[in-house]
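Here is a quick tour of a protein model, written for someone who likes to look at side chains and surfaces. Take a look at the structure first, and then we can walk through it.

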Amino acid sequence: MASGASRVFVSHLAGVPVFDPNGDQVGRVRDLVAMLRVGGRPPRVLGMVVEVLSRRRIFLPMTRITGVASGQVITTGVVNMRRFEQRPTERLVLGELLDRRVELVENGERVTVLDVAVQQLPARREWEIGKVFVRRGKSGALRRRGETLTLDWSAVTGFTLEEDGQGAENLVATFERLRPADLANVLHHLSPKRRAEVAAALDDDRLADVLEELPEDDQVEILGKLKDDRAADVLEAMDPDDAADLLAELPEEDKERLLALMRPGEAADVRRLLAYEDRTAGGLMTTEPIVLRPDATVADALARVRRQTLSPALAAQVYVCRAPDETPTGKYLGMVHFQRLLREPPFTLVGSIVESDLPPLAPDTPLPEVTGYLAAYNMVAAPVVDESGSLLGAVTVDDVLDHLLPDDWRETGFNGVEEAASGH
């Protein structure tokens, strides 16, 4: 390998930045592409799957890579921006080879693949997978206690077979630092079989975050492969508006079965959202904004805003209401933006600084009017109030954007421009 590195394990390449010769970042490595060969010969590494800044995944041939060192990949500067499409003879190294159960050639013992190492052949520009890092012991939660070995590729067999029940823990660990939207992009580009395995390996909260970032078809597919009890747990961990959107895509019988398995309070929020038309303020809103009574202090409000689980849009302002302070609340009094909270003494009552001159949205407000409201008042979230004056929830700008962007915006990148892809 270039830059004096004779071998590198692929888990160390996941997510590393890719630069051109001028030092400008091209994107990040998301996987490697290899071609298996007959006769026990090590697979040839064809190139890398690189996610460029527009979220498009492109193919970067190994012949275009001049060096791998210090956590970065350097290219020749010539990059083909056509979308990557996997060919039948190719294997994704991270997506398909890690966590596979294979056999040792010498005695037939079953082992689990934790990682593989790629290396550049001497005096040639070809790269291949030379080493396999495996763990002995049965597959399962306790397998970490087994002995680990680094072996030549020729010392193991079984990579060419489709494997049922392939694990995903090591692949998940490789991408554990990714944001939910980036991990969702990884899942979207895996095969349905592998996507289900990775989803099964994620914990409920992480899977909920990732599902919220996936296209609806992927959401429905993944949820349909979970056992009902776990599917209900994941739906409870999702934001109520996202859970409602997902359940709305299911057949009525499946939707009601999952709602019945959810905790009553969580199911009630989702049922309320399902009652509204999809492209209205009621259909777009979340039922979990920050609600405070007027006798709460600025210190109380800032403590709520600081919660790590809140999205930036929801943390931008608090809503002041009479009891009860869970939606639907008592009388809605107004809102306080977090910048105002930062300017006031901690002991100040939020009821004394509430902004009540901005009219709230009605739940049947159509999407174009919601968009215009946010733009006109420079808001990232807006209150939704019913005829009786109760706060029902808040519409956030990210949910509005999800409904304004084309259905395939995750495929076409942030600029929404679809380019023809014809392989690599």
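## An arginine and its partner

Let's start with Arg-136, which counts as partly exposed at 21% relative accessibility. That sits just on the partly exposed side of the line, because buried means under 20% relative accessible area. Keep in mind that this is a predicted model.

Which residue does Arg-136 pair with? Its salt-bridge partner is Glu-109, with the closest N and O atoms 3.1 Å apart. Arg-136 belongs to strand β11 (residues 127-136), while Glu-109 sits in the loop between β9 (101-104) and β10 (110-120), so the bridge ties together parts that are 27 residues apart in sequence. Glu-109 is partly exposed too, with a relative accessible area of 24%.

## A buried pair and its network

Now for a salt bridge with buried partners. Glu-51 and Arg-30 form a salt bridge, and their closest N and O atoms are 3.5 Å apart. The two come from distant parts of the chain: Glu-51 is in strand β4 (residues 44-52) and Arg-30 in strand β3 (residues 25-35), 21 residues apart.

Are these two buried or exposed? Glu-51 is buried, at a relative accessible area of 6%, and Arg-30 is buried as well, at 4%.

For another example, the side chains of Arg-263 and Glu-266 meet in a salt bridge at 3.7 Å, N to O. Back at the buried pair, salt bridges with shared partners join Arg-30, Glu-51, Arg-55 and Arg-57 into one network. Searching the whole structure turns up 21 salt bridges.

## What packs over helix α3

Helix α3 spans residues 180-188, and its buried residues are Asp-182, Leu-183, Ala-184, Asn-185, Val-186 and Leu-187. What covers them? The cover includes strands β3, β4 and β5 (57-61), along with helices α4 (192-201), α5 (204-211) and α6 (216-224). Strands β3 and β4 should ring a bell: they are the ones that carry Arg-30 and Glu-51.

## Leu-391 and its neighbours

Leu-391 lies in strand β18 (residues 391-396) and counts as buried at 0% relative accessibility. Which residues does Leu-391 touch, leaving aside those up to four places away in sequence? The list runs Pro-289, Val-291, Tyr-319, Cys-321, Thr-327, Pro-328, Thr-329, Gly-330, Tyr-332, Pro-383, Val-384 and Val-385.

If you want a distance to check in your viewer, try the C-alpha atoms of Leu-391 and Gly-334: they are separated by 9.7 Å, with the two positions 57 residues apart along the chain.

## A nonpolar patch on the surface

Leu-401, Leu-404 and Leu-405 make a nonpolar surface patch of about 240 Å². Leu-405 is found in the loop between α15 (397-404) and α16 (409-412), and at 33% relative accessibility Leu-405 counts as partly exposed. That value lets Leu-405 into a patch, because patch residues need over 30% relative accessible area.

## The whole chain

Stepping back, the protein has 16 helices and 18 strands. Of its 424 residues, 50% count as buried. The accessible surface comes to about 20,300 Å², and carbon and sulfur atoms account for 50% of that area.

How much of the contact map is long-range? Among contacts between residues at least 6 apart in sequence, 59% join residues at least 24 apart.

Note on methods:
Residues numbered from 1 in each chain as written. Predicted model: local features only at pLDDT ≥ 70, side-chain atom pairs only at ≥ 80, totals over all residues. Heavy atoms only, no water. Helix = DSSP H or I, 4+ residues; strand = E, 2+ residues; numbered from the N terminus. Buried < 20%, exposed > 50% of the residue type's maximum accessible area, 1.4 Å probe, protein only. Contact = heavy atoms within 4.5 Å. Areas by Shrake-Rupley, 256 points an atom, 1.4 Å probe, with all protein chains shown as cover. Salt bridge = Lys/Arg side-chain N within 4 Å of Asp/Glu carboxyl O. Patch = residues over 30% accessible without salt bridge, like charges linked within 9 Å, V, L, I, M, F, W, Y side chains within 5 Å.
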